[in-house]
Every structure is written in structure tokens, then in C-alpha cells.
Amino acid sequence: IIEKEFIAKWLKDNGLYLRDRVRPLIFLDFEAFQFNFPLQSSWGQDWHLFQYSAHVLENESNLIELKPYLHNLEPEPRRLFCNNLISGLKGFLSRGAKVVVYNQSFEKSRLKECLEFMPDIRADLEEITSNMIDLMVPFQKLWYYSPEQRGGYTLKIVYPLMLRILGIDFSAEVKDYNSLRIKNGIEAVSAYQRYAASSLRYSEF
């Protein structure tokens, strides 16, 4: 199933046609986990945002990797996470950049939770959430569907399909991916939790 008219309109409305685009695109991804008790008293008992990665597409041939963020167990993790995120994206957002995510409900929900604790940076966080574009939409709405998806539309399912349609050989990329020690969000969370548990002294729990 390929609903070309719906997809074309969605791409145009969101400024995602590369040939027409004049503003940067920021590709953003969060990693977080939820815990029932805080690892430190200042962490609270909610989602813990511990990592983000961001890449900026200035034009078709210029992809910039921004400095990634990994929380180093200092107090006030929400504040550190958000301050680093705002600092990294602000220059591009001031030029009208759009923030591209996959399954925006996750990133938006985490930032909205941060607003409750940090009203002083509300405007900066709302600038990020209001400019988000969710790449999952065409697959979620079944504007594109292949039997190979078997009812799913996670990024790991649709990404290889899109490369295949575009005639891009991704065998080398798959090989590199399979060689990674951490291959997905669940493994990233598990690795970070082990790191946090082993690094914090008992008195800090």
C-alpha cells in the first residue's frame, strides 16, 4: 500500500522535501528509563532522561553530528539534560529548524514532564516540542505498508524497507550494526543502569 498523495502532502506541509527545504532539520532521539525508587534523592521517582543524540541536516550533503549527551550521575539530571539540549539546538531553532523524531509522543511527554519541575525554561522546551515532526506518521496511518512489516512500524522495521525501495545497499551498515555491543534502547538502558548502580556509593541511594 502506497498512498502517494497523502505522503506527498504530508512531506510538503512539514517542509521535508529536500529539494525545497531552506531550513535545517534536527534528527533527535532520547534514551530514558523509569524507576520505582530514585538512585539519588534529587532524581525523583519518574522517568530518568540519561542520553540524547542529535544530527543536523543543513543540506543534502552536510550532516552534522552534535555533541551527544550522557548523564554522568551528577545531581539534578533533568536540569542538566534540558540545559544541554537547549544549548545544543538553540542556534538551529533560531533559524527555523524542525526537530525530526520517530514516535514523538515519547520525546514530547518527557519534555512536558520536565516543564513541571523547571518552569523557568518553559519557553525553550516548548520551542523544541512545537517544532517536532514525527516520521512515524505515514507508517502509523498506513499511507505506506508492506506485508514484510507484519503489522509493525518501528524504525528498525521500516528503515531497511525504505533503503531497499531506494535501491541502497545497506549490507555493510547491517554488519557494522550487528557488531555493536549495544544495539537498541533496551540494551542501552540496561547498560546505563549497571553503570549507575556500580558507580554510586551506597550512601547516595
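Which backbone oxygen does the side chain of Gln149 reach? In this predicted model, the side chain of Gln149 comes to the backbone oxygen of Gly152, at 2.9 Å. I should like to begin with that residue and then turn to the interior of the protein.

Gln149 sits in the loop that links helix H5, residues 137-140, with helix H6, residues 155-165. Is Gln149 buried or exposed? Its relative accessibility is 3%, and because buried means under 20%, Gln149 counts as buried. Setting aside residues up to four places away in sequence, Gln149 touches Tyr144, Ile157, Val158 and Leu161.

The loop between H5 and H6 also holds Leu142. For Leu142, phi is near 60 degrees, which is a positive value in a residue other than glycine. With 45% relative accessibility, Leu142 is classed as partly exposed.

Let us now consider the interior. The largest nonpolar core contains 28 residues, and Ile26, Leu28, Leu85, Leu89 and Ile128 are the ones that touch the most other members. Which elements each supply at least two residues of this core? They are strand S1 (25-34), strand S2 (47-59), helix H2 (77-93), strand S5 (98-101), helix H3 (104-117) and helix H4 (122-130). The greatest contribution comes from H2, with seven residues.

Leu28 deserves a closer look. Its neighbours within four places in sequence are left aside here. Leu28 is then in contact with Leu85 and Leu89, with Tyr52, Ser53 and Ala54, with Val99, Val100 and Val101, and with Glu107. Apart from the largest core lies another one, of 14 residues, and its members include Val100, Tyr102, Tyr144 and Val158. Two of these names, Tyr144 and Val158, have appeared already, as residues that Gln149 touches.

My next topic is a pair of helices. How do H3 and H4 run relative to one another? Their axes come within 10 Å and cross at roughly 170 degrees. An angle over 145 degrees counts as roughly antiparallel, and therefore H3 is roughly antiparallel to H4. On the H3 side, the contact is made by Lys108, Leu111, Cys114 and Leu115. On the H4 side, Arg122, Leu125, Glu126, Ile128 and Thr129 take part. By character, the residues of this contact divide into five nonpolar, one polar and three charged. One of the H4 residues, Ile128, was also named among those that touch the most other members of the largest core.

Just before I finish, two asparagines should be mentioned. Asn103 lies in the loop between S5 and H3. The phi angle of Asn103 is near 75 degrees, again a positive value in a residue other than glycine. Asn103 is partly exposed, its relative accessible area being 29%.

The other is Asn14, placed in the loop between helix H1, residues 4-13, and S1. Where does the side chain of Asn14 reach? At 2.9 Å, it reaches the backbone oxygen of Trp10. Asn14 has a relative accessible area of 23% and is partly exposed. Without counting neighbours within four places in sequence, Asn14 is in contact with Lys98 and Ile133. Asn14 and Ile133 are 119 residues apart in sequence, yet their C-alpha atoms are 7.2 Å apart in space. With that pair, I conclude my presentation.

Note on methods:
Residues are numbered from 1 along each chain as its sequence is written. This is a predicted model: local features need pLDDT of at least 70, side-chain atom pairs count only at pLDDT 80 or more; totals for chains, interfaces and linings use all residues. Side-chain values use heavy atoms; hydrogens and water are left out. Helices (H or I, at least four residues) and strands (E, at least two) are DSSP runs, numbered from the N terminus. Buried means under 20% relative accessible area, exposed over 50%, partly exposed in between (1.4 Å probe, protein chains only). A polar contact is a pair of N or O atoms within 3.5 Å; within protein, one must be able to donate a hydrogen and the other to accept it, and residues adjacent in sequence count only if both atoms are side-chain atoms. Contact means heavy atoms within 4.5 Å. A nonpolar core is a set of buried Ala, Val, Leu, Ile, Met, Phe, Trp, Tyr and Cys residues joined through side-chain atoms within 4.5 Å. Axes are lines fitted to C-alpha atoms, for helices over the stretch in contact, and angles run from 0 to 180 degrees between N-to-C directions. Angles under 35 degrees count as roughly parallel, over 145 as roughly antiparallel, 65 to 115 as roughly perpendicular and the rest as oblique. Ala, Val, Leu, Ile, Met, Phe, Trp, Tyr, Cys and Pro count as nonpolar, Asp, Glu, Lys and Arg as charged, and the others, Gly among them, as polar.
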